[in-house]
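Let's take a friendly walk through a protein model, moving from its cysteines to its helices and strands. Keep the picture at hand as you read.

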Amino acid sequence: MSDAYSPVANEQLDQLERADLKLYDEVVDVCEFVLDQPSRARACSLAMTTLEGIRYRLPVPGRYPLCVFWAPEGPRIEAVFPYSR
């Protein structure tokens, strides 16, 4: 993976790939959407303010509460984990 993924996201995706290939593919589809079409992804995401700045979360379709967290700078995938709020 490239600089478009944080070390945390890389590790999470590696673990997911080993555990559940179908879910991994679904998460990667969301990541690719974010990286390829950040403006559209931003419109579908919820924003939150962190110490590092604005971060977005985009749910993985059909996999609630799993979300892809991403930064607009780059854009860059920051993390993948369940989040319900």
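A disulfide is a pair of cysteine sulfur atoms within 2.5 Å. Chemically, a disulfide is a covalent bond between the sulfur atoms of two cysteines. The model you see is a predicted one.

**Cysteines**

How many disulfides are there by this rule? The count is zero. Take Cys 31: its nearest cysteine sulfur belongs to Cys 67 and is 12 Å away, so Cys 31 is in no disulfide, given the cut-off of 2.5 Å. Cys 44 is in no disulfide either, with the sulfur of Cys 67 as its nearest, 13 Å away. Is Cys 31 buried or exposed? With a relative accessibility of 0%, Cys 31 counts as buried. Cys 44, by contrast, has a relative accessible area of 48% and is partly exposed.

**Two helices**

Now turn to helices α1 and α2. The table sets their lengths beside their spans.

| Helix | Number of residues | Expected span | Distance between end C-alpha atoms |
|---|---|---|---|
| α1 (residues 7-19) | 13 residues | 18 Å | 18 Å |
| α2 (21-36) | 16 residues | 22 Å | 22 Å |

The expected spans rest on 1.5 Å a residue, and the end-to-end distance agrees with the expectation for α1 and for α2.

Which residues of α1 are buried? They are Ala 9, Asn 10, Leu 13 and Leu 16. These residues cover an arc of only 130° around the axis, so they sit on the same side of α1. On the other side of this helix, Pro 7, Arg 18 and Ala 19 are exposed. The cover over the buried residues of α1 includes α2 and strand β4 (76-82).

Helix α2 can be read in the same manner. Its buried residues are Leu 23, Tyr 24, Val 27, Val 28, Val 30, Cys 31 and Val 34. Looking down the axis of α2, you find them within an arc of 160°, which means that they line one face of the helix. Leu 21, Lys 22 and Asp 36 are exposed on the other side of α2. What covers the buried residues of α2 includes α1, α3 (38-44), β2, β3 and β4. At the N-terminal end of α2 you can also find a cap: a side-chain oxygen of Asp 20 lies 3.3 Å from the backbone nitrogen of Lys 22.

**Strand β3 and its partners**

Why is strand β3 described as largely enclosed by the rest of the structure? Six of the six residues of β3 (residues 66-71) are buried, so the description fits. Leu 66, Val 68 and Trp 70 point one way from the strand, while Cys 67, Phe 69 and Ala 71 point the other way, and all are buried.

β3 pairs with strand β2 (residues 53-59) in the antiparallel sense over four bridges. One of the residues to look for is Pro 59, whose bridge partner in β3 is Cys 67. The hairpin of β2 and β3 has six residues between the strands, and Gly 62 there takes a positive phi near 75°.

β3 also pairs with β4, again in the antiparallel sense, this time over six bridges. Here Phe 69 stands opposite Ala 79 in β4. The two strands form a hairpin with four residues between them, and Gly 74 in the turn has a positive phi of about 115°.

Definitions and conventions. Residues are numbered from 1 along each chain as its sequence is written. This is a predicted model: local features need pLDDT of at least 70, side-chain atom pairs count only at pLDDT 80 or more; totals for chains, interfaces and linings use all residues. Side-chain values use heavy atoms; hydrogens and water are left out. Buried means under 20% relative accessible area, exposed over 50%, partly exposed in between (1.4 Å probe, protein chains only). The expected span of a helix is 1.5 Å times one less than its number of residues. The arc is that of the directions from the helix axis to the C-beta atoms. Contact means heavy atoms within 4.5 Å. Two strands pair if DSSP finds at least two bridges between them. A polar contact is a pair of N or O atoms within 3.5 Å; within protein, one must be able to donate a hydrogen and the other to accept it, and residues adjacent in sequence count only if both atoms are side-chain atoms.
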